[in-house]
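Hi everyone, thanks for coming. Let's look at some helix packing together, so please have the viewer open.

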Amino acid sequence: MAEGLMKHFYGQRAYVQSAGVKNDMEIDGFSVAVCRELGIELSRHRSRSFDEMQKWGDDLGQFDLIVALSARSQHQALELTRAYDVAVEYWPILDPTPIGTTREEKLAAYRQARDQIRDRMIARFGPQTAG
């Protein structure tokens, strides 16, 4: 969700690459649904892991900022960038995956996570400039 939101809100203002601790390959359908509510299309998005980024030649030292949305990803980002001048920020965002049993409860949790990410982006990077 974070990559889609960033690209939608800020366009080409920054290079954005989403990565995580593990690679789930498929983007979560609830993430697709709640981002589509804002006009953001995620259905073709593919998640990547930090390990996969390195295998494909992405140099984490080329980034100015890494935003971690979980404590585990923060730890891994700090480990992988300890020899680089890269800022790592931790934004503790709700993990919506275990919340709710009905479709509406799950969508509500994903909307909450989406909105937390959006609010942190606006606080950090300023008002939306694209989309």
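How are α1 and α5 oriented to each other: parallel, perpendicular or oblique? They are oblique, a class for angles outside under 35 degrees (roughly parallel), over 145 (roughly antiparallel) and 65 to 115 (roughly perpendicular). Their packing angle is about 45°, with axes 10 Å apart; axes are lines fitted to C-alpha atoms over the stretch in contact, and angles run from 0 to 180 degrees between N-to-C directions.

A quick note on sources: this is a predicted model, where local features need pLDDT of at least 70, side-chain atom pairs count only at pLDDT 80 or more, and totals for chains, interfaces and linings use all residues. Residues are numbered from 1 along each chain as its sequence is written, and side-chain values use heavy atoms, leaving out hydrogens and water.

Back to α1 and α5: the contact (heavy atoms within 4.5 Å) involves Ala2, Leu5, Met6, Phe9 and Tyr10 of α1, facing residues of α5 including Ile117, Met121 and Phe125.

Those three α5 residues, Ile117, Met121 and Phe125, are also among the buried ones, buried being under 20% relative accessible area with a 1.4 Å probe, protein chains only. The cover over the buried residues of α5 includes α1, α2 and β1.

Now α2, residues 29-36: its axis comes within 9 Å of that of α5, crossing at roughly 65°. That makes α2 roughly perpendicular to α5. Here Phe30, Ser31, Ala33 and Val34 meet α5 residues, among them Leu107 and Tyr110.

Finally, where does α5 lead? Gly126 follows α5, with a positive phi near 90°.

Notes
Helix = DSSP H or I, 4+ residues; strand = E, 2+ residues; numbered from the N terminus. Buried < 20%, exposed > 50% of the residue type's maximum accessible area, 1.4 Å probe, protein only.
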